[in-house]
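Open the model in your viewer and keep the selection panel handy. Shall we take a walk through the helices, the empty spaces and the backbone?

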Amino acid sequence: LNNSRRLRFAILGSGRGSNAVALADACLAGEIAGTIVTVLSDVPAAGILERARERGIHADAFDPGPFRTKLADASEALVIRRLREARADYVLLAGFMRILRGEFLRAFSQRILNIHPSLLPSFPGLNAWQQALDHGVKITGCTVHVVNECIDGGPILGQAAVPVLDGDTAATLHSRIQKAEHGLYPSVVGALARGDISIEGRRARGFRAVPSIDFGP
Ligand code: GAR
């Protein structure tokens, strides 16, 4: 993960797009030495497309095919083609709710990142903030990791910790985690774009965790 030029990032997302906004704004502010070249979504009505277009970023929906949790082969091939046409160096998953499989992972090997709303390896999978509440942990957070064939299990690039408070509901905890995500994701991608992050096996170096994000009341 050594980069000396301005990187080209594509974002895939299925939801509101608050992380995409944080990443796009960090690029515009020069905190990430890179450009968001396209935003693609499997959900035509997803806010992420509108948020991107408002910022003048190319954004488009694609048909994911008949499955709920993965992309059909033809859809996967189409997305890979779009990403290559956009000359994306890295693919940033920001609330993309489908599993990427072999063909896609091979096309962008070590060049797909994801943000997950827990301190992995705790609480992989869906609704990680609800899993944290159900388990009764006192600290949770968010993780930026490399995407590989192991779901939510690729090398960890950066993490931020978030407290669980007594009165928390799923909504209040998720919103506190998201605030931390909006700081973490751009910081990690910024470090990556500076060429500061290196990976040896499972261990990535070059990013210092920020344990103090939003520990206030
Ligand atoms: C984020 O909280 C992200 O961590 C989560 O979806 C949300 C998307 O919000 N991703 C996952 O749960 C992946 N398994 P956004 O659309 O506002 O960025």
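What is the handedness of the crossing of α1 and α6? Select both helices to find out, bearing in mind that this is a predicted model. The crossing of α1 and α6 is right-handed.

**Stop one: α1 on α6.** Show residues 18–28 for α1 and 170–193 for α6. The axes of this pair come within 9 Å and cross at roughly 40°. Angles under 35 degrees would count as roughly parallel, so α1 and α6 are oblique to each other. Now display side chains. On the α1 side, pick Ser-18, Asn-19, Ala-22, Leu-23 and Ala-26; they meet Gln-178, Glu-181, His-182, Tyr-185, Pro-186 and Val-189 of α6. Colour this contact by class and you will find six nonpolar residues, four polar and one charged.

**Stop two: α5 on α6.** Keep α6 on screen and add α5, residues 128–135. Here the helices pack at an angle of about 120°, with their axes 9 Å apart. The range for roughly perpendicular ends at 115 degrees and roughly antiparallel needs over 145, so α5 and α6 are oblique to each other as well. α5 passes α6 in a right-handed crossing. For the residues that touch, select Trp-129, Gln-130, Ala-132 and Leu-133 in α5, which meet Ala-170, Leu-173, His-174 and Ile-177 in α6. This contact divides into six nonpolar residues, two polar and no charged.

**Stop three: the largest pocket.** Switch on a surface and look for the largest pocket, which holds about 830 Å³ of space. To centre the view, select Gly-95, Phe-96, Met-97, Asn-114 and Leu-126, the closest to the pocket centre among its 34 lining residues. Which elements give two or more residues to this lining? They are α1, α6 and the strand β5 (112–116). By class, the pocket lining has 14 nonpolar, 14 polar and six charged residues.

**Stop four: the cavity.** Next, look for enclosed space: the count comes to one cavity of 30 Å³ or more. Its volume is about 50 Å³. Select its lining, made up of Ile-11, Ala-20, Val-21, Ala-24, Val-39, Ile-48, Arg-51, Ala-52, Arg-55 and Ile-57. Helices α1 and α2 (47–54) each supply at least two of these residues. Eight of the lining residues are nonpolar, none is polar and two are charged. That makes α1 a helix to revisit, as α1 also gives residues to the lining of the largest pocket.

**Stop five: two spots on the backbone.** A word before you zoom in: most residues other than glycine have a negative phi, and most peptide bonds are trans. Go to the loop between β5 and α5, where Pro-121 lies. A cis peptide bond joins Leu-120 and Pro-121, with omega about 10°. Then move to the loop between α3 (73–85) and β4 (90–93) and select Arg-87. Where does phi of Arg-87 fall? Phi is near 50° in Arg-87, a positive value in a residue other than glycine.

Technical notes. Residues numbered from 1 in each chain as written. Predicted model: local features only at pLDDT ≥ 70, side-chain atom pairs only at ≥ 80, totals over all residues. Heavy atoms only, no water. 1 Å grid on protein atoms, 1.4 Å probe; cavity = no way out; pocket = protein on both sides within 12 Å on 5 of 7 lines; lining within 4 Å. Points joined across faces, edges and corners; volume = space filled by probe spheres on them. Helix = DSSP H or I, 4+ residues; strand = E, 2+ residues; numbered from the N terminus. Nonpolar A, V, L, I, M, F, W, Y, C, P; charged D, E, K, R; others polar. Axes fitted to C-alpha atoms, helices over the stretch in contact; angles between N-to-C directions. Parallel < 35°, antiparallel > 145°, perpendicular 65-115°, else oblique. Left-handed = near helix turned anticlockwise from the far one by under 90°. Contact = heavy atoms within 4.5 Å.
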